[in-house]
Amino acid sequence: MAVGRAIVKKPDVFLFDEPLSNLDAKLRASMRIRISDLHKQLKKSGKPATTVYVTHDQTEAMTMGDRICVMKLGHIMQVDTPDNLYHQPKNMFVAGFIGAPEMNIRPSQLVEHGGRLYLTLGDQRLPLNDRLQSKVETHKNQQVFFGVRPEFVSLSDEPFAEGSCAGEMVRVENMGHEFFVYLRVADYELTARVPSDDAKPMIAKGLNRKVYFTFDLNKCHIFDAKTEQNLSL
């Protein structure tokens with residue numbers, strides 16, 4: 001009713017301040033669709049439809065927003081499309097804030113060996129591809145943070161031909177269509193998001209054992225340890 005009264009007054013801008021926060025999950029999902037459809041109908045009819053929607057729920061932001069402003073302590077971290085926020089976060093805060101499960105972000109160091117740069121993961125090293133190497137060459141032998149989303153972590157019982165690291169598979173969560181697989185690597189955990197058909201044969205062999213992992217390096221991010229800005233964009 002409140003939305004209807006606002007439409008009648010023909011405002012230039014609509015402001016929604018966490019309108020769905022008190023609803024249960026099912027009703028919240030339904031109302032997201034209704035509000036989005038209403039916005040499209042207003043635009044189609046030529047009526048003012050600019051909407052500022054305040055929320056702490058990233059699902060609402062990602063599914064409803066044309067552009068999203070991510071803020072931290074009153075400061076704007078990034079204003080961009082949902083796709084760019086997810087795949088091209090400008091800094092470590094945005095990278096860790098957007099996405100569930102959240103991006104794996106771990107301290108690392110860029111080391112040079114044989115003319116090529118490597119990322120350290122505990123006592124292991126992962127070679128960078130040409131794209132990343134050209135982006136971070138000026139930071140060699142420096143501390144950085146390495147980031148990769150769980151869906152871009154590949155697992156195997158055998159080492160990957162193109163180079164891989166090893167970790168201990170310590171825990172899994174069954175989400176039905178996929179598994180969240182947690183690896184212990186040195187003194188931190190790494191999360192992998194694995195389709196059920198790929199995960200089940202590995203899980204059947206038991207937990208607390210060594211498995212191998214690698215990353216899609218085209219989807220990885222390297223952040224400056226001091227400024228936390230994304231060096232790989």
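Asn174 is found in strand S10, which covers residues 165–174. Please keep in mind that what we are viewing is a predicted model. Is Asn174 buried or exposed? Its relative accessibility is 53%, and a residue counts as exposed over 50%, so Asn174 is exposed. The side chain of Asn174 reaches the backbone nitrogen of Gly176, at 2.8 Å. If we turn to Asp187, 13 residues apart from Asn174 along the chain, the two C-alpha atoms are separated by 24 Å.

Let us now move to the strands S11 and S12. Strand S11 comprises residues 178–185, and strand S12 comprises residues 188–195. How many bridges join them? There are eight, and the two strands run antiparallel. As one example of residues facing each other, Val181 stands opposite Ala192 in S12. Together, S11 and S12 form a hairpin, with two residues between them. In that turn, Ala186 has a positive phi of about 55°.

Within strand S11 I should like to single out Glu178. The relative accessible area of Glu178 is 11%, and the limit for a buried residue is under 20%, so Glu178 is buried. Which side chain does the side chain of Glu178 meet in a polar contact? The partner is the side chain of Arg193, at 2.9 Å. Leaving aside residues up to four places away in sequence, Glu178 touches Glu173, Arg193, Val194, Pro195 and Ser196.

The next topic is the aromatic rings. A pair of aromatic rings is described by two quantities, the distance of the centres and the angle of the planes. Counting ring pairs with centres within 6.5 Å, we arrive at four aromatic pairs in this model. One of them is formed by Phe93 and Phe97, with 5.6 Å from centre to centre and 15° between the planes. Planes under 30 degrees apart count as stacked, and therefore this pair is stacked. Where do Phe93 and Phe97 lie? Both belong to helix H5, residues 92–97, and they are four residues apart, about one turn of the helix. Phe93, with a relative accessibility of 23%, counts as partly exposed. Phe97 also counts as partly exposed, at 38%.

A second pair to consider is Phe213 with Phe215, whose ring centres are 5.5 Å apart. Why is this pair called tilted? The planes stand at 55°, which is neither under 30 degrees nor over 60, so the pair is tilted. Phe213 counts as buried, at 1% relative accessibility. Phe215 counts as buried as well, at 8%. Ring pairs also bring in Phe146, linking Phe146, Phe213 and Phe215 into a cluster.

Rings can also be viewed together with charged side chains. In this model, the charged end of Arg149 sits over the ring of Tyr86, 4.0 Å from the centre of that ring. Similarly, Arg171 lies over the face of Tyr182, and here the distance to the ring centre is 4.4 Å.

Finally, I turn to an annotation taken from a record. UniProt, in an unreviewed entry, places the feature "domain: MalK-like OB fold" at residues 99–151. What are the helix and strand contents of the chain over residues 99–151? The model shows 13% helix and 49% strand there. The end C-alpha atoms of this stretch are 11 Å apart.

Methods. Residues are numbered from 1 along each chain as its sequence is written. This is a predicted model: local features need pLDDT of at least 70, side-chain atom pairs count only at pLDDT 80 or more; totals for chains, interfaces and linings use all residues. Side-chain values use heavy atoms; hydrogens and water are left out. Rings of Phe, Tyr and Trp (its six-membered ring) pair if their centres lie within 6.5 Å; planes under 30 degrees apart count as stacked, over 60 as edge-to-face and the rest as tilted. Buried means under 20% relative accessible area, exposed over 50%, partly exposed in between (1.4 Å probe, protein chains only). A charge sits over a ring if NZ of Lys or CZ of Arg is within 6 Å of the ring centre and within 35 degrees of the ring normal. A polar contact is a pair of N or O atoms within 3.5 Å; within protein, one must be able to donate a hydrogen and the other to accept it, and residues adjacent in sequence count only if both atoms are side-chain atoms. Two strands pair if DSSP finds at least two bridges between them. Contact means heavy atoms within 4.5 Å. UniProt positions are given in the numbering used here, feature names are shortened, and annotations may be inferred rather than shown by experiment.
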